[in-house]
Amino acid sequence: MADELLEPDPSRTIESLRDTGYSFNTAIADIVDNSIAANATVVKIDVRLLPSEDIQPIVTISDNGCGMDNDGLLNAMKYGSRRRTDPNSLGKFGLGLKTASTAFCRKLSVVSRGTSDTTVRKYQWDLDYVAEIGKWMVRGSDPTEDEVDLLDAAAAGKSGTLVIWENVDRMLQRDYVNRGSAQNALERMRKDLRFHLGVVFQRFIDKSFTKAANVEIILNGEPVEAWDPFCLGEANTELLTRTEPYKIRSETGDEAQIDLKAYAIPRADGFSSKEAREKARISTDTLGFYIYRENRLIHYGDWLGMFKVEPHDSLLRVEFSFDNKLDSYFNIDIKKSRVQLVEALYDYIKDQFLPAPKRHAQQKYRTGQDKKIAATATQVHAEANKTIDEHAPDVESATITIVDAGKNMVEVQNKNGKFSHTIVIEPDATPDQCRVIPKEDLPGGALWAPCIADQKHAVQINTKHDYYQKIYLPLQGRKDAVIGMDSLLWALAEAEHGTYNERVKEVYEDIRLQVSTALRKLIKDLPEPELPDSNGEVDG
C-alpha cells in the first residue's frame, strides 16, 4: 500500500489547541516572552473593554523589539514555527503565541515592522474563517491607522510588534449585562496580572539584576514593579546555604548546571517597614521553590511534592535556576509553567540540600509564632477563667494551704488524709487569670500541670505543645470549644489534688508526660495554623 498524506482537520485542530491549559496570566506572560526574545526594551499591555455597547474585552501587547519582515511574520503565525536561532530564547515550541492567544480569543492579529524592511504588515488567525473555508488559511490585510498608532506607542516609529486579541470569548467568567460589573472584573484580573508579571519577569524588570536584559513592562499605562521573592533588600533576610552548582550532563551531552540557594526571609516583625512586610506576601502561597529558566520564573509556591505545604515553612524560599540545555531534562511544557525533577536530583534536594535550611527557617518562624501566641494566650483563656472560677468551688475535693510560697510548699488535705506537697505557686496570678495559666513551656514538654494561682486551684497549659498550637489556636474564636478544653485540663489537675497521696506523685507526673507525648504523635500530621497579627492579617 502507498503512503498517504493525512492532514489534520483545520477547524477541529485549531479549536482543540485552545484547550492547552493556559490561564490568563500565563498566556500574557507567554507573549511577553516573545517580546523579550525579540530584544524589546519596552512592552506595553492594555486590557480593557471596547467602547461599544457590547461588553467585549480587547487585549493588546506591543513592543519595540526587532519586529519581523513578511517571511518572519508568516513564520511566527505558523503553528509549529521554525526554531529560533538563539538557544537562550524564552520561546521554545513555536506554539505559544497562537495557543496562548486563542485560548481566550477567536481572532488573533499580529502587526509588525522589521528593522530593515520598514513596511508595517498584518496577519490574522480568524477561527471562524478557518472553520468556514476548511483550510489553514491565515488572513493578510493592511493594518488600520489605530493599529499603527498602537504599535508606535511602544515602537516609536521604529521596529516592533503588536499582538491583538479580538472576539475575546473566554476571558470573563460569565456574560455581564452591567458594564460596571465587567469593569470591576477586569480590574481584578489586571491586579492579579500585574503581580504575576512582576514575579515572572522580576529579573528583567529589576535594573539592578545584570544577568538578564532590562525590560520595562507597562500595564494599562502603569509600569509593572519587580517583585523580589527573596527580599534581598532586607537586612534580616538570611542566605542559609549556597552549594556548588549541581552539575548535570544534558541529553545532548553538554555539561549543564543548576544553581540552588535557600533564603529565610524576615518574620513579620523583622521587616524594615510595614510596606516591605506587605510586599513580601508571607503565606503558604509564596513559600518553597522559585524555579527560573533563563532568568524567567516558570514555577513557584510549593515543594514539588517533597513536603506538605504548611505555615511553619512560610519563611523559606529556594532559588532554583537553570538554562535551556536542561529543558528536556525537566520536561518543560508548552506553557513553560511546569517542571519535573528526575529522581536523583529530587532525592539530592530533599535529603541533602533542604533539611538544614528547613530546620533553620522553621525555628525562625516558630520564634515569631511563640511571641504571637504568648501575646494572645491570656485573651484566649479569659472566658474559661471566668467560667471555671464560678463553678470550681462546687467540684473541688481537696483543701490546699500554702505553707512556704518561696519553696512552693503546700499542705493538701483530701479523702486520703493530709500531706505535705510541692507544687508550682504562680506569683503573678491575677483574679481574672487564676484558673487557667498559659505558659511558654512546662518541664518535660508536658501539655498541662497542676498549680496554685491567687491561692486557688489552677492548671498550667503549655503553649509550646503541638496540641495547643494545632488544636487550641484554630479554635480560639470559638469560646465554647476553648472553655471545654480548658475545663477538661483543669479537671485532670483537680483530680490529682483530690486523690493525692505520697505514693502517687511520680505516677501522676508519668501520666502527664505519657499523655502529652502521645498527643504530640497523634496530631503530628495536622497542619499548623496561620495566626493573625495585630492588624488581623495572616503571616509568619
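Two strands count as paired here if DSSP finds at least two bridges between them. By that rule, this predicted model has an open sheet of 4 strands, in the order β18-β20-β21-β19, with mixed pairing. Strands β18 (425-426) and β19 (436-439) sit at the edges with a single partner strand each, so one side of each has no neighbour in the sheet. Helix α14 packs on this sheet and touches β19, β20 and β21 (456-462); the direction of α14 makes about 125° with that of β21.

A look at the β18 edge fills in some detail. Strand β18 runs parallel to β20 (residues 448-453), and 2 bridges join them. Within this pair, Ile-425 stands opposite Ile-452 of β20.

Back to the helix: α14 covers residues 479-499, and Glu-496 is part of it. Despite its charged side chain, Glu-496 counts as buried, because its relative accessibility is 11% and the cut-off for buried is under 20%. Leaving aside residues up to four places away in sequence, Glu-496 touches Trp-448, Pro-450, Tyr-508 and Arg-512.

Then there are the pockets. The second largest one has a volume of about 590 Å³. It is lined by 23 residues, and those closest to its centre are Arg-203, Phe-209, Lys-211, Glu-319 and Ser-321. Elements α8 (202-205), β11 (255-264) and β14 (316-322) each give two or more residues to this lining, with β11 supplying the largest share, 5 residues. Sorted by class, the lining of this pocket holds 10 charged, 8 nonpolar and 5 polar residues.

Technical notes: Residues are numbered from 1 along each chain as its sequence is written. This is a predicted model: local features need pLDDT of at least 70, side-chain atom pairs count only at pLDDT 80 or more; totals for chains, interfaces and linings use all residues. Side-chain values use heavy atoms; hydrogens and water are left out. Buried means under 20% relative accessible area, exposed over 50%, partly exposed in between (1.4 Å probe, protein chains only). Contact means heavy atoms within 4.5 Å. On a 1 Å grid over the protein atoms alone, a cavity is a set of points where a 1.4 Å probe fits but cannot get out, and a pocket is an open set with protein on both sides within 12 Å along at least five of seven lines; lining residues have an atom within 4 Å of a point. Grid points are joined across faces, edges and corners, and a volume is the space filled by probe spheres set on the points. Axes are lines fitted to C-alpha atoms, for helices over the stretch in contact, and angles run from 0 to 180 degrees between N-to-C directions.
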